[in-house]
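Biologist: I am new to this structure, and I would like a close look at a single part of it. Please begin with one loop position and then work outward through whatever adjoins it, in one connected account.

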Amino acid sequence: MTTAADLCSLTLRLDRLVEPSALPAPGEALVRFVDAKTQAPSAEQLAPDVLDAMELRRADRFARPRDRASYLVAHVALRLLLGELLDTSPRDLVMSRDACPECGGPSGRPVLLGGGAHFSLSHSRDVVFVACASTPVGVDVEAAPVPEVMARSKDFFHPDESAELAALPECRRAAAFARLWARKEACLKGTGAGLAHDGHRSYLGTGPAAEAVPPPWSLTDLPAPEGFAAALALRAPSVRWC
């Protein structure tokens, strides 16, 4: 039978990571990339003993097996990492949401009841990113979109960003769009706001280097598999890969 420790070992070995031993210091984040296609069988086996009832119900609502697998891997990996960092059983971690800083509704940043760590996760197709930190953090990964998706989403961007995307050659537009979308989502996950509230107001740029974000936040583009873009926002100046 596969155990939680086995999945950690598989993830760490396959993704060339090392076992984290403590919550990162202020100004740093632990960032983990997980291949959902490889880890899906172990996550499926572990899920009943690791995830809470709400997570299990949500997993069962996915119509496509690939989407279900990506969700399970992301949430199992997150709980295993938090459990290791906080020396707590992953199933005993209780998660809730802060109030949205824009509207006050219950759709803000996910949090651990009782505190102890900040976290964020993102999954797209078979690519999963998980981040943990001692300060608020947001991580996002996006696949390069098809033109129809780009056309529907342009109103969420700052006008200057939309102009930059429109000016790019068609062969470069999808990659730039994914890069910008990942940056936006990472920042908004970190603050707890949503795209509907803030995506069009802040300018981050579509270029190879992200534009500066207002302090005390930092924004970092993360290495990602071909065809994807990933970014991390952190209330601190640096990121430590582990």
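**From one loop residue outward**

Modeller: Asp-87 is exposed, with a relative accessible area of 73%. This is a predicted model, and the description that follows should be read in that light. Asp-87 sits in the loop that runs between helix H4 and strand S2 (95-97), and although it is not a glycine, it has a positive phi of about 55°.

The helix that leads into this loop can be followed back to its partner. Helix H4 (residues 65-86) packs with helix H2 (residues 36-50) at an angle of about 65°, and their axes are 8 Å apart. The crossing of H2 and H4 is left-handed. On the H2 side the contact includes Ala-36, Ala-40, Ala-43 and Val-50, and on the H4 side Ala-69, Leu-72, Val-73 and Val-76 are among the residues they meet. Gln-39 and Glu-44 of H2 also take part, as do Arg-68, Ser-70 and Arg-79 of H4. Taken together, the residues of this contact divide into 11 nonpolar, 2 polar and 3 charged.

A positive phi of about 55° in a residue that is not a glycine also appears at Arg-125. Arg-125 lies in the loop between strand S4 (118-124) and strand S5 (127-133), a hairpin with 2 residues between its strands. At 45% relative accessibility, Arg-125 counts as partly exposed, because that value falls in the range between under 20% for buried and over 50% for exposed.

Strand S5, which follows that turn, can be taken next. S5 is largely enclosed by the rest of the structure, because 7 of its 7 residues are buried. Val-127, Phe-129, Ala-131 and Ala-133 point one way from this strand, while Val-128, Val-130 and Cys-132 point the other way. In a regular strand, side chains alternate between the two faces of the sheet. S5 pairs with S4 in the antiparallel sense over 7 bridges, and within that pairing the bridge partner of Leu-121 is Val-130 of S5. S5 also pairs with S1, again antiparallel and over 7 bridges, and there Ala-29 stands opposite Ala-133.

Strands S1 and S5 are joined by an aromatic contact as well. The structure holds 6 aromatic pairs, and one of them is formed by Phe-33 and Phe-129, which are tilted, with 5.7 Å from centre to centre and 50° between the planes. Because Phe-33 lies in strand S1 (residues 29-35) and Phe-129 in strand S5, the pair ties together parts that are 96 residues apart in sequence. Phe-129 is buried, with a relative accessible area of 0%, whereas Phe-33, at 24%, counts as partly exposed.

Another aromatic pair, Phe-156 with Trp-181, is edge-to-face, with 6.1 Å between the ring centres and 80° between the planes. This pair links distant parts of the chain, 25 residues apart, since Phe-156 is in the loop between helix H5 (147-153) and helix H6 (159-167) and Trp-181 is in helix H7. Trp-181 is buried at 13% relative accessible area, while Phe-156 counts as partly exposed at 33%. Ring pairs link Phe-156 and Trp-181 with Phe-157 and Phe-177 into a cluster.

Helix H7 leads to a further sheet, an open one of 3 strands in the order S6-S8-S7 with antiparallel pairing. Its edge strands are S6 (137-143) and S7 (218-222), each of which pairs on one side only, and the twist averages 15° from one strand to the next. S6 pairs with strand S8 (residues 228-234) over 7 bridges, and Val-141 has Ala-230 of S8 as its bridge partner. Helix H7 (residues 170-191) packs on this sheet and touches S6, S7 and S8, with a direction that makes about 155° with that of S6.

Within H7 one residue can be picked out, namely Cys-187. Cys-187 counts as buried at 16% relative accessibility, and it touches Leu-204, Val-213, Leu-219 and Ala-233, leaving aside residues up to four places away in sequence. Cys-187 and Gly-138 are 49 residues apart in sequence, yet their C-alpha atoms are 6.1 Å apart in space.

Notes. Residues numbered from 1 in each chain as written. Predicted model: local features only at pLDDT ≥ 70, side-chain atom pairs only at ≥ 80, totals over all residues. Heavy atoms only, no water. Axes fitted to C-alpha atoms, helices over the stretch in contact; angles between N-to-C directions. Helix = DSSP H or I, 4+ residues; strand = E, 2+ residues; numbered from the N terminus. Left-handed = near helix turned anticlockwise from the far one by under 90°. Contact = heavy atoms within 4.5 Å. Nonpolar A, V, L, I, M, F, W, Y, C, P; charged D, E, K, R; others polar. Pairing = 2+ DSSP bridges. Buried < 20%, exposed > 50% of the residue type's maximum accessible area, 1.4 Å probe, protein only. Phe/Tyr/Trp six-rings, centres within 6.5 Å; stacked < 30°, edge-to-face > 60°.
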